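Welcome to a short set of exercises on reading a protein model. Take a look at what is shown here, then try each task before you read its solution.

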Amino acid sequence: MSGAVVRVESGLGPYDVTIAGGALAALPSLVADASRVAVIHPAPLAALAERVAALVDRPATLIAVPDAEAAKTPQVLADCWDALAAAGFTRNDLVIGVGGGTTTDLAGFVAASWLRGVGYVSVPTSVLGMVDAAVGGKTGINLTAGKNLVGAFYEPRAVLCDLDLLGGLAPEEVASGLAEVVKCGFISDPEILRLASEDLADSRDVTSDRFAELVRRAIAVKAGVVAADFTEATSVGDNVGREALNYGHTLGHAIEKHAGFTWRHGQAISVGMAWMARVSRDLLGLDDDTVALHDELLGGLGLPLSYPAPFSDLRPIMSLDKKARGSSLRLVGLRAVGSVTALADPDEDVLSRSYAELV
Ligand SMILES: NC(=O)c1ccc[n+]([C@@H]2O[C@H](COP(=O)([O-])OP(=O)(O)OC[C@H]3O[C@@H](n4cnc5c(N)ncnc54)[C@H](O)[C@@H]3O)[C@@H](O)[C@H]2O)c1
Ligand SMILES: O=C(O)C(=O)C[C@@H](O)[C@H](O)[C@H](O)COP(=O)(O)O
Ligand SMILES: [Zn+2]
C-alpha cells in the first residue's frame, strides 16, 4: 500500500488520515482494544459494511441507516442509540462509520454522544467524505429548520481513505467532492487550482495520480485550518479562523434546505462559491480573473453555477447560518486566492445583484 498520511494535530489529540488504495487493511490494528464494534453504514453499502465487520474479527453490530441526507435526522440518531443499547455497547467498544459524508457526520455524532463519547474510526467512501466530512471533527445532523444545526466537535482515532473504494462512485458524486477540493484551493492552496485547471478530466478520474494529489492537498488544507481553530472559537470580527472552510456555504446551506436536501452538498456550495466570488469582487476587490476562475473550474468539473429560485427565497434561510451573530449576517469572503476574511453586515443590494448575475 503506497499513499500518503496527513496528521491532524487538533482538539482531543493527533490522529492520522491515511490516503491510499487498500488503506482499509489498517483497520484491525486501529480497533484492537475494542471488545466489539458497531458499523454504521448506508443501506447501499451493506456489502462493504460486512467486509469491514469480517476484517475486524470481533463481535460486530451492523447498523444500516438511510442513504444520503435522510441519515442525518434526529430519528435516525435515536435509532442508532437504540441499536447500541440493544447490543449492550460499553465504553471500550467502538463505532466505525462507513459511507459518504452524511454517514460519517451521523456516525461521528453517535460516537460522540453514546455514553458521552466512545472510540470512533472513520472510513469515508465518497470523495467528499475523504476530503472534508470525515476530517476535522465536525459531526452532527440536520433539523427541518436547517443544515447541521445539532452536533458536536468530536474526533476519530483515525481516518482511512481507501481510494480503491471510489471505483463505483457516480461521476456527479465525484464532482460534488471536488467542489470542496476547489474551495480549499481558493481559500489556501493555489497549487490545487493549478493542478485542477491543467486537466479537468484527469482531476475527475479517481484512479489518476492527479486526483490522489488533489485529495491529499485538500486534506492538508483542512488539517492546517482545524489545528489552528478546532472549535471555530477564533472566528471573531474580520478574523475567520476555521470559518474559512465555510467559504460558499452560507448560500450553499440555504440552497440545500430550500431544495429539501435533494441537492448534493458539493453542488450547492458550488453555486455558493460562484456567488461569493462576485460578492467578494464588489465588496473586497477580488480581481475579475479569480472570479472567472471560479466559473471555469466549477463549471468545468460539471458543477452548477446557479440555482433556480429567486434570491428572496434564500436570503431569510441564510440568517440561520451558524456564522450569523444576532441579526447580523457574516459571510466568508475572499480578497485574493489564499486571503480570506469575514464580511459582517454586507450590503444587501450587492448580495442580490451578485445572485442575479449567476447564470
Ligand atoms: N463534517 C464536516 O466537516 C463536513 C464537511 C463537508 C460536508 N459535510 C457533510 O457531508 C454530507 C455530504 O457527503 P457526501 O457528498 O459524501 O454525501 P453522501 O453521504 O450522501 O454520499 C453520496 C452518495 O454516494 C453514495 N456512496 C458513498 N460512497 C460510495 C461508494 N464508495 N460507492 C458507491 N456509492 C457511494 C452514497 O450512498 C450516497 O448515495 C453533507 O451532509 C455535508 O453537510 C460535512
Ligand atoms: O469543517 C468545517 O469547519 C467546515 O465548514 C467544512 C464544510 O465543508 C462542511 O460542509 C461543514 O459541515 C459545514 O459546517 P457548518 O458548521 O457550517 O454546519
Ligand atoms: Zn462543505
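Three exercises with worked solutions follow.

This is a predicted model, where local features need pLDDT of at least 70, side-chain atom pairs count only at pLDDT 80 or more, and totals for chains, interfaces and linings use all residues. Residues are numbered from 1 along each chain as its sequence is written, while chains are lettered from A and ligands numbered from 1 in the order in which they are written.

**Exercise 1. The two domains**

Find the domains and describe the side of domain 1 that touches domain 2.

Step 1: The protein splits into domain 1 (3–168) and domain 2 (171–357); these bounds come from an automatic or database domain assignment.

Step 2: Their C-alpha centres are 25 Å apart.

Step 3: The contact involves 27 residues from domain 1 and 27 residues from domain 2, where contact means C-beta atoms, placed from the backbone, within 7 Å.

Step 4: On the domain 1 side, β1 (3–8), β2 (15–20), α5 and β8 (146–153) each give at least two residues. Helices (H or I, at least four residues) and strands (E, at least two) are DSSP runs, numbered from the N terminus. The largest share, five residues, belongs to α5.

**Exercise 2. Ligand 2**

Work out where ligand 2 lies relative to the domains.

Step 1: List its shell, the residues whose C-beta atom, placed from the backbone, lies within 6 Å. Among them are Asp-132, Lys-138, Glu-180, Arg-242 and Lys-322.

Step 2: Sort the shell by class: one nonpolar, four polar and six charged. Here Ala, Val, Leu, Ile, Met, Phe, Trp, Tyr, Cys and Pro count as nonpolar, Asp, Glu, Lys and Arg as charged, and the others, Gly among them, as polar.

Step 3: Domain 1 and domain 2 both give residues to this shell, so ligand 2 lies between them.

**Exercise 3. A helix pair**

Describe how α7 (residues 190–198) and α9 (residues 209–228) are arranged.

Step 1: Their axes come within 10 Å and cross at roughly 160 degrees. Axes are lines fitted to C-alpha atoms, for helices over the stretch in contact, and angles run from 0 to 180 degrees between N-to-C directions.

Step 2: α7 and α9 are therefore roughly antiparallel, the word for angles over 145 degrees.

Step 3: Residues of α7 including Ile-192 and Leu-195 meet residues of α9 including Leu-214 and Ala-218. By class, this contact has five nonpolar, no polar and four charged residues.

Key:
Angles under 35 degrees count as roughly parallel, over 145 as roughly antiparallel, 65 to 115 as roughly perpendicular and the rest as oblique. Two residues are in contact if their C-beta atoms, placed from the backbone, lie within 7 Å.
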